[in-house]
Amino acid sequence: MLVYQDLISGDELLSDSFPYKEIENGMLWEVEGKWVVQGAIDVDIGANPSAEDADEDEGVDDQSVKVVDIVDTFRLQEQPPFDKKQFVVFMKKFIKNLTPKLDAEKQESFKKNIEGATKFLLSKLKDLQFFIGESMHDDGCLVFAYYKDGAVDPTFLYFAYALKEVKC
């Protein structure tokens with residue numbers, strides 16, 4: 001199994017169980033998330049409740065919760081939305097922090113293509129949800145989620161160059 005860690009914070013953000021598609025010249029990975037139900041499972045064991053206790057629960061407090069698989073699996077923490085100015089400030093800081101962590105070949109490609117990826121994200125800014133890794137590291141990589149037209153499940157966007165592949 002492969003896990004993808006944030007190069008800056010070290011947080012696990014994705015694994016190979018979630019297939020991705022490269023977009024924006026390989027700068028971004030697009031990953032489909034799914035809403036899943038966790039918690040209470042109604043199991044019919046064929047028994048009938050006794051007549052006097054028919055309306056009472058037997059003290060079991062099962063709660064089912066709907067979560068997005070990627071957010072739950074990697075314990076992503078939702079962040080407040082950014083306006084355009086805040087996003088540009090974040091991107092400048094992110095580029096400054098990430099570039100030295102890349103090898104020379106990747107640095108060149110990153111510098112060449114990050115502007116296009118930034119413009120792509122800016123065009124969707126009002127529709128994006130922002131997430132950060134479990135450690136909530138200030139300089140960590142953001143993960144973005146949005147709903148494509150008519151979709152019921154979110155699509156996640158990752159900065160491909162900010163992820164380090166680790167074998168488990």
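Which residues does valine 67 touch, not counting residues up to four places away in sequence? The points below take up this question and several others about the predicted model.

1. Valine 67 has its place in strand β6, which covers residues 64–68. Leaving aside residues up to four places away in sequence, valine 67 touches Lys34, Trp35, Val36, Gln38 and Asp72. For one of these, glutamine 38, the C-alpha atom is separated from that of valine 67 by 7.2 Å, although the two residues are 29 residues apart along the chain. With a relative accessible area of 16%, valine 67 falls under the 20% limit and therefore counts as buried.

2. As to the overall layout, the protein has three helices and eleven strands, and from the N terminus on these elements run β-β-β-β-β-β-α-β-α-α-β-β-β-β. Of the 168 residues in the protein, 38% are buried. Among the contacts with a separation of 6 or more, 69% are accounted for by residues 24 or more positions apart.

3. Glutamine 5 lies in strand β1, residues 2–6, and despite its polar name it deserves a look here: its relative accessible area is 16%, so glutamine 5 is buried. Setting aside residues up to four places away in sequence, glutamine 5 touches Gly10, Asp11 and Glu12 as well as Ala162, Leu163, Lys164 and Val166.

4. Helix α2 can be checked against its expected length. At 1.5 Å a residue, the 15 residues of α2 should span 21 Å, and the C-alpha atoms at its ends are 21 Å apart, which agrees. At the N-terminal end of α2, aspartate 83 acts as a cap, with a side-chain oxygen that lies 3.2 Å from the backbone nitrogen of lysine 85.

5. The residues of α2 can also be sorted by burial. Phe87, Phe90, Met91, Phe94 and Leu98 are buried in this helix, and, seen down the axis of α2, its buried residues fall within an arc of 100°, so they line one face of the helix. An α-helix has 3.6 residues a turn, so residues three or four places apart point the same way. The face of α2 turned away from the buried side carries the exposed residues Lys85, Val89, Lys92 and Lys96. What covers the buried residues of α2 includes α3 (104–123), together with β8, β9 (143–146) and β10 (155–159).

6. A search of the whole structure for aromatic pairs finds 15 of them. One of these is formed by tyrosine 20 and tryptophan 29, whose rings are stacked at 3.7 Å centre to centre, with 10° between the planes. Tyrosine 20 counts as partly exposed, at 36% relative accessibility, whereas tryptophan 29, at 7%, counts as buried.

7. Phenylalanine 82 and phenylalanine 130 also form a stacked aromatic pair, with 4.8 Å centre to centre and 15° between the planes. This pair links distant parts of the chain, for phenylalanine 82 is in the loop between β7 (77–79) and α2 (84–98), while phenylalanine 130 is in strand β8 (residues 129–132), 48 residues apart. At 21% relative accessibility, phenylalanine 82 counts as partly exposed, because the limit for a buried residue is under 20%. Phenylalanine 130, by contrast, is buried, with a relative accessible area of 1%.

8. Which residues do ring pairs link into a cluster? The cluster consists of Phe82, Phe87, Phe90, Phe94, Phe130, Phe144 and Phe159. Among them, Phe87, Phe90 and Phe94 are also buried residues of α2. Elsewhere, a charged residue is placed against an aromatic ring: lysine 106 lies over the face of tyrosine 161, at 5.6 Å from the ring centre.

9. Two residues call for a check of the backbone. Most residues other than glycine have a negative phi, and most peptide bonds are trans. Asparagine 25, however, has a phi near 55°, a positive value in a residue other than glycine. Asparagine 25 is found in the loop between β3 (20–23) and β4 (28–32), and with a relative accessible area of 61% it is exposed. Arginine 75 likewise has a positive phi, near 50°, and is found in the loop between α1 (69–73) and β7. Arginine 75 is partly exposed, with a relative accessible area of 49%.

How values were computed. Residues numbered from 1 in each chain as written. Predicted model: local features only at pLDDT ≥ 70, side-chain atom pairs only at ≥ 80, totals over all residues. Heavy atoms only, no water. Phe/Tyr/Trp six-rings, centres within 6.5 Å; stacked < 30°, edge-to-face > 60°. Buried < 20%, exposed > 50% of the residue type's maximum accessible area, 1.4 Å probe, protein only. Helix = DSSP H or I, 4+ residues; strand = E, 2+ residues; numbered from the N terminus. Lys NZ or Arg CZ within 6 Å of the ring centre and 35° of its normal. Expected span 1.5 Å × (residues − 1). Arc of directions from axis to C-beta. Contact = heavy atoms within 4.5 Å. Polar contact = N/O pair within 3.5 Å; in protein donor to acceptor, adjacent residues only side chain to side chain.
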